Amino acid sequence: MQLANFTLHRLLSPISIRCTPAAVINRTLRSSPALLGKKYAKYYFTPKKIFRKEEIYRVPKTQLILPHERLDPLNIPEPSAPTATESGLLEQLASAVNHEQSTSGRPFAIVHLVGKQYKVSEGDLVQLVGKSLLAELGDELVLEKVLALGFTDFTLYGRPMLSRDCVTVRATVVEKTLEPPKIRFEFRKRQNFRRMNIHQTNATVLRIGSIEFNKPAVQQAL
Amino acid sequence: MHLTCPLWVRRIPKIYRNNDPFYLRNLYLQFSFLFRGRSSRCFRLAEQRVIKAFQHMNAMRAVRKDRFKQLCDERIDAACAQHGIPGKMLIDGLGRMNIQLNRKMLQQLAIYEPYSFKSLTDLVKQYHSELGIVPPNAEPPAPVVTRGLLQSPIVPGNRKYYE
């Protein structure tokens with residue numbers, strides 16, 4: 001069995017190995033840090049970085065939230081009630097579409113890409129796991145399968161997708177690398193069966209450029 | 001060249017390292033770093049704990065996906081409850097209307113885009129009220145302009161309403 005040469009702390013984070021907190025070690029050695037060599041000091045005195053639970057409960061930050069965009073969760077202002085007439089609502093929507101300016105606020109788009117959906121806005125990074133695209137570094141792509149579009153005053157939902165005339169989402173290929181190695185270890189007890197497989201999947205990283213919104217096409221649909 | 005005993009023993013070419021016990025044991029001891037007690041230092045204990053750790057890792061692969069799905073359902077349910085609708089009704093209603101947003105995206109909208117999420121719940125309420133189904137303890141839905149299209153199937157004849 002051959003083992004690739006990679007550092008341990010990279011392995012510990014994504015897999016659920018049972019590690020005890022370094023509290024006992026810390027208590028005994030905190031009084032005498034000089035006894036520890038510099039090599040292992042960082043592991044004993046920074047337990048939070050290593051002894052953390054799986055990060056499935058962490059919501060990924062796919063969009064930067066600027067300070068003026070943050071909502072106070074206790075005081076969310078309710079939107080004004082729309083008028084009851086049918087034509088009134090359509091006029092409101094048409095006027096919102098007209099007055100939409102790309103400089104105010106950040107539009108988001110929900111994009112279907114390589115079998116998965118991503119909520120995307122300008123300047124985001126998207127990692128496609130397991131795939132190496134034919135596109136080379138620096139190539140510009142247009143993501144055509146847009147399921148939803150959101151702006152400050154209105155959102156557009158496609159059933160299931162919006163048309164290509166309405167919107168263009170541009171992206172560039174930034175990186176084509178391998179993921180960190182993953183281990184698959186099979187063990188059957190009392191049968192002398194052990195197999196270790198280490199595999200690394202391809203990963204491409206896209207940087208989302210701009211989300212362009214075509215007003216006449218949307219107004220035609222309305 | 002005269003070497004000390006340990007160095008002489010360890011001076012093994014790379015092709016034979018797979019059969020050298022030092023390297024075979026070091027394999028497991030690398031993974032047992034920061035384990036409790038002698039399981040991190042002694043091979044005979046480390047081997048057992050490392051194998052068990054790998055078994056936990058394999059078992060978690062399927063469980064991780066189920067847990068993430070449960071988490072998304074919980075978040076969607078909580079966000080829909082603020083609008084008076086059960087979470088399953090939202091997912092079912094959106095599916096019937098052919099809006100193909102998955103649970104991961106719905107929970108992202110519920111967290112980061114509350115107004116967009118409210119519009120989705122309004123759509124679902126309108127769809128069900130047109131069929132005559134009223135969710136319990138729900139406020140009346142905000143006026144939604146449908147032009148009778150929520151119920152009609154998407155066929156090439158009325159394609160212009162969807163593009």
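Here is a walk through a predicted model, one selection at a time.

**Stop 1: chain B as a whole**

Start by showing chain B alone. You should see 6 helices and 0 strands, so set your colouring by element and follow α-α-α-α-α-α from the N terminus on. Chain B has 163 residues, and buried ones make up 35% of them. If you draw the contacts in chain B with a separation of 6 or more, 40% of them come from residues 24 or more positions apart.

**Stop 2: helices H5 and H6 of chain B**

Now select residues 103-112 of chain B, which are helix H5, along with H6(B). The axes of these two helices come within 6 Å and cross at roughly 120 degrees. That angle makes H5(B) oblique to H6(B). To see what they touch with, show side chains for B:Leu106, B:Leu109, B:Ala110 and B:Tyr112 on the H5(B) side, then B:Pro114, B:Ser116, B:Phe117 and B:Leu120 on the H6(B) side. What sort of residues make up the contact of H5(B) with H6(B)? Count them by type and you get 7 nonpolar, 1 polar and no charged.

**Stop 3: along helix H6 of chain B**

Stay on H6(B) and click B:Thr121, which is found in this helix. Is B:Thr121 buried or exposed? With a relative accessibility of 0%, B:Thr121 counts as buried. Leaving aside residues up to four places away in sequence, B:Thr121 touches B:Cys80, B:His83, B:Ile85 and B:Leu90, so bring those four up as sticks too.

Next, pick B:Asp122 and B:Lys118. Their side chains meet in a salt bridge, 3.7 Å from N to O. Both residues lie in helix H6 of chain B, 4 residues apart, which is about one turn of the helix. The two ends of this pair have their own accessibility classes: B:Asp122 is buried at 13% relative accessible area, whereas B:Lys118 is partly exposed at 31%.

**Stop 4: B:Leu150**

Move on to B:Leu150, in the segment after helix H6 (114-131) of chain B. B:Leu150 has a relative accessible area of 9%, under the 20% cut-off, so it is buried. Which residues does B:Leu150 touch, not counting those up to four places away in sequence? Select B:Met97, B:Leu123, B:Gln126, B:Tyr127 and B:Glu130, and add A:Arg159 from the other chain. While you're here, put a distance label between the C-alpha atoms of B:Leu150 and B:Val124: they are 9.5 Å apart in space and 26 residues apart in sequence.

**Stop 5: across to chain A**

Turn chain A back on and zoom to B:Glu47 and A:Arg194. Their side chains meet in a salt bridge of 2.8 Å, N to O. This pair crosses between chains, running from helix H3 (residues 43-81) of chain B to strand E9 (residues 193-199) of chain A. B:Glu47 counts as buried at 18% relative accessibility, while A:Arg194 is partly exposed at 33%. Over all chains, the salt bridges come to 9.

**Stop 6: the E8-E9 hairpin of chain A**

From A:Arg194, widen the selection to take in strand E8 (residues 182-188) of chain A. E8(A) and E9(A) pair in the antiparallel sense over 7 bridges. Find A:Phe185 and look straight across: A:Met196 in E9(A) stands opposite. The two strands form a hairpin with 4 residues between them, and A:Arg190 in the turn has a positive phi of about 65 degrees.

There is also a salt bridge to pick out here, between the side chains of A:Arg184 and A:Glu186, at 4.0 Å from N to O. A:Arg184 is partly exposed, at 38% relative accessible area, and A:Glu186 is partly exposed too, at 30%.

**Stop 7: the four-stranded sheet of chain A**

Finish on the open sheet of 4 strands in chain A, ordered E3-E10-E7-E4 with antiparallel pairing. Which strands stand at the edges? Select 125-129 for E3 and 140-143 for E4: each has a single partner strand, so one side of each is left without a neighbour in the sheet. Going from one strand to the next, the twist averages 35 degrees.

Last, zoom in on E3(A) beside strand E10 (residues 202-213). The two run antiparallel and are joined by 5 bridges. A:Val126 stands opposite A:Leu206 in E10(A), which is a good pair to label before you close the session.

Key. Residues are numbered from 1 along each chain as its sequence is written. Chains are lettered from A and ligands numbered from 1 in the order in which they are written. This is a predicted model: local features need pLDDT of at least 70, side-chain atom pairs count only at pLDDT 80 or more; totals for chains, interfaces and linings use all residues. Side-chain values use heavy atoms; hydrogens and water are left out. Buried means under 20% relative accessible area, exposed over 50%, partly exposed in between (1.4 Å probe, protein chains only). Contact means heavy atoms within 4.5 Å. Axes are lines fitted to C-alpha atoms, for helices over the stretch in contact, and angles run from 0 to 180 degrees between N-to-C directions. Angles under 35 degrees count as roughly parallel, over 145 as roughly antiparallel, 65 to 115 as roughly perpendicular and the rest as oblique. Ala, Val, Leu, Ile, Met, Phe, Trp, Tyr, Cys and Pro count as nonpolar, Asp, Glu, Lys and Arg as charged, and the others, Gly among them, as polar. Two strands pair if DSSP finds at least two bridges between them.
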